[in-house]
Amino acid sequence: MSAYSHNFAYTDGERSVSEVVREALPPQFSVVPAARARTVRRTWLDTFDWRLHQAGLTLECVAGRGPAELVLSGTAGERITAVANGTRWPSLATGLPRGPLRDRLQTVTSARALLPAAKAASTVSEFRLRNADDKTVAWLTVDLLHPAEPAAADPPARLSVTAVRGYQGQADRIARCLAAQPGVSPGTLPPLDAVLATVGRAPGEYTNKVDVQLSATMPARMALAAVLARLLDTLEANVAGTIRDIDTEFLHDLRVSVRRTRTALKLGADLLPDGLAAEYGPAFKWLGDLTTPTRDLDVHLLTFAADAAELTSASPADLGPFHDYLAERRALEQRRLARALRSARFAALTAAWRSALAGLTPPRRGPDAAHADARIIRRAHRRILARGAAIGADSPPEKLHDLRKRCKELRYALEFFASLHDPPAHRRVVRDLKGLQDCLGTYQDCEVQQKEIRTVAAELLASGGVPATTLLAMGDLAAHVGQRERRARSEFSSRFAAFASRQAQARFEVLAAGAGS
Amino acid sequence: MKIVATYNIKGGVGKTAAAVNLSHLAARDGLRVLLADLDPQAAATFLFRVRPRVKGGGNALIRGSRDLDRAIKGTDFDGLDLLPADFTFRNLDLILDTTKKPTQRLARLLRPLRASYDVVFLDCPPGITLLSEAVLYAADLVLAPIIPTTLSVRTLDQLTEFIGGLDGHRPAVLAFCSMIDRRKRLHNEIAERLPAERDDVAATAIPALSLIERMAVQRSPVTAFAPRSAASRGYAGLWAEVRDRLCLTVPAQPGHGRA
């Protein structure tokens, strides 16, 4: 029979916590300090997109008098600790000391770095709650959090009453008396939530999803403006992380925001004031093109170890010079990208775009969101069906690349207007589309990778000094990538047939009809 | 889980003081400890400020109608729990006598606690009774305090003889000289001679000190309220010997996280 704790928040600043407790206790109980209060520095860590929070995990670096400790805890009672060993943040999970904590974090964070989400000093005092025999029947823990970030007020004091084994009844009684005190409220926010709340933030606040709530009857222009504003928020949220090169996913999310913006401008051009899409379309193309070299190299490097493991006639170590070459080029491209993102041109683009979006007003006449949605997704869907049907066994790769872009347009359009659809119907259509997208994505990634290998092989050869074993290993790698590419190409017809099937079309029709056609 | 019984045929020899202080030291070392007060006088229970009452009394515990686990109370010390005594424990012999295999009963009742505790101390009432047979069956080690007099040494011989005559499980015996009056020559002589002559006598002896008697005033182990005293040093030495005999490993980071 294990004891459970009663948790309280105390917000009234008039009386100290110990005064409140003394006043709350029935006469036969007393409260005495158990030990000197201790203060620790707590840093909560998560990925930028809150992967730990989404997985029900909390990671803290706790520094007191001893060595700093990493503590990973889960809502299901999971708890793993490790010595922090002077880890500097941000850090990928692979940068942490080896052990179960690192292994667990790697599965959740993957390519994303861990960075401080909040910092606070935590002063914990423990008190014994004694009965008339001076027997400790419960422990009172008081945790005072002082956030590092300036805030109007500290979070409420966190009180916890935990019964000593066999004294749950007396502890419950004390807890009831405590709960009746002014300023004391039952339950506490998790410490991270409490610290973030003082500055108006909450865990999980960032997502790269287009989570805009639209209404079917709102003017389509205003719906599109809301989507575009949300995309600009996401784009801007990822600029600093991309410049600092914290992890590869900042650039990924920034790039996806740009692509989605371009798609929204293209598909919804007629919903916007004359000339707006034509003005900003090229500007966002410039931005998108800026991101391409670094992202292509990221994709190559992220899959490098897995690809190298597939080599049959060479050893992964033979690819060392190739890897170094890619990493050097990536560093160069990253510097170029960071320069561009710090440029006046970029700042002017985002500022002007935000101002343009803020200035949008509903047109006198125009479709509502539901009708525009139905029209846009139908058009995008028809385009895929027509272009996909025209692809045969002899079609050049460009045709498939073009189809991939059309698929992305439909996918993005579905995301923009997701809030107007029945979620299960929406999920089914996205699933149909995803099957085709995955195949086209693999095909194009392999194409890009093959070209990259050939180009780099030529450059390495021209520069001289590269071992023959590296070139042979690159050939081996190219062969494997080629195999994967051919497999994707051969799967295309069946994937497209599934997408274009009567059943899938019927599913799409249900979705589009629900949107307001 | 190791079971240590503080036991002697004779009463008033320092069994409870040893059980209380050693269980406190074991918990301080980071072990999970249960002290079961089997003596209806409830001295150990009193020293830990716990009320000497068990719902359903000894009858419910021995017959198993009340879970032993639910009768256990936490003490003021982390990692140290207490099974309080109850006045009905004076009838434990009679209750045991009505059960099947009475000498094995206590061992069976303690078995489910194996996952929860590293050491269990049984503070036993004096005498040779059915309860003491059950205690000896359950224990890995009998820790027997003896006052260093000729008669007490004879009692120790009786005890080892008695244990030697038991069928089946026989616990190890470790006696220690207790309540030594340093002013008495005989006490000093025997306390020096016995550990040298016998393997079953600990090298550590516990002197008769007023501080140990003050435990009843402080209602706390002397090792807690006077940790640097000669009495505490004595118990620490005795605990080290017990730990070695039981081959108990102490956790690398002692303590249970609370002061």
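The exercises below, each with a worked solution, concern strands, unusual backbone sites and a helix pair in this predicted model.

Residues are numbered from 1 along each chain as its sequence is written, while chains are lettered from A and ligands numbered from 1 in the order in which they are written. In this predicted model, local features need pLDDT of at least 70 and side-chain atom pairs count only at pLDDT 80 or more, whereas totals for chains, interfaces and linings use all residues.

**Exercise 1.** Work out which strands pair with S7(B) and what handedness the connections have.

*Solution.* Begin with the elements themselves: helices (H or I, at least four residues) and strands (E, at least two) are DSSP runs, numbered from the N terminus. Two strands pair if DSSP finds at least two bridges between them. Strand S6 (residues 141–146) of chain B pairs with S7(B) in the parallel sense over six bridges, and Pro145(B) stands opposite Phe176(B) of S7(B). Strand S8 (residues 206–207) of chain B also runs parallel to S7(B), joined by two bridges, with Ile206(B) as the bridge partner of Ser178(B). The chain passes from S7(B) through helix H9 (residues 185–197) of chain B to S8(B) in a right-handed β-α-β crossover; right-handed here means that, with the strands pointing away from the viewer, the path from the first strand over the helix to the second runs clockwise. S6(B), helix H8 (residues 150–164) of chain B and S7(B) likewise make a right-handed β-α-β unit.

**Exercise 2.** Decide whether strand S7 (residues 172–180) of chain B is enclosed or open.

*Solution.* A residue is buried if 20 or more other C-beta atoms lie within 10 Å of its own, exposed if 12 or fewer, and partly exposed in between, with C-beta atoms placed from the backbone. Seven of the nine residues of S7(B) are buried, so the strand is largely enclosed by the rest of the structure.

**Exercise 3.** Locate Ser110(A), Arg219(B) and Pro90(A), and describe the backbone at each.

*Solution.* Most residues other than glycine have a negative phi, and most peptide bonds are trans. Ser110(A), although not a glycine, has a positive phi of about 50°; this residue lies in the loop between H3 and strand S7 (115–130) of chain A, and it counts as partly exposed because it has 14 C-beta neighbours inside 10 Å. Arg219(B), also not a glycine, has a positive phi of about 50° and sits in the loop between helix H11 (215–218) and helix H12 (222–225) of chain B. The peptide bond from Trp89(A) to Pro90(A) is cis, with omega near 0°, and Pro90(A) belongs to the loop between strand S6 (79–83) and helix H3 (100–109) of chain A.
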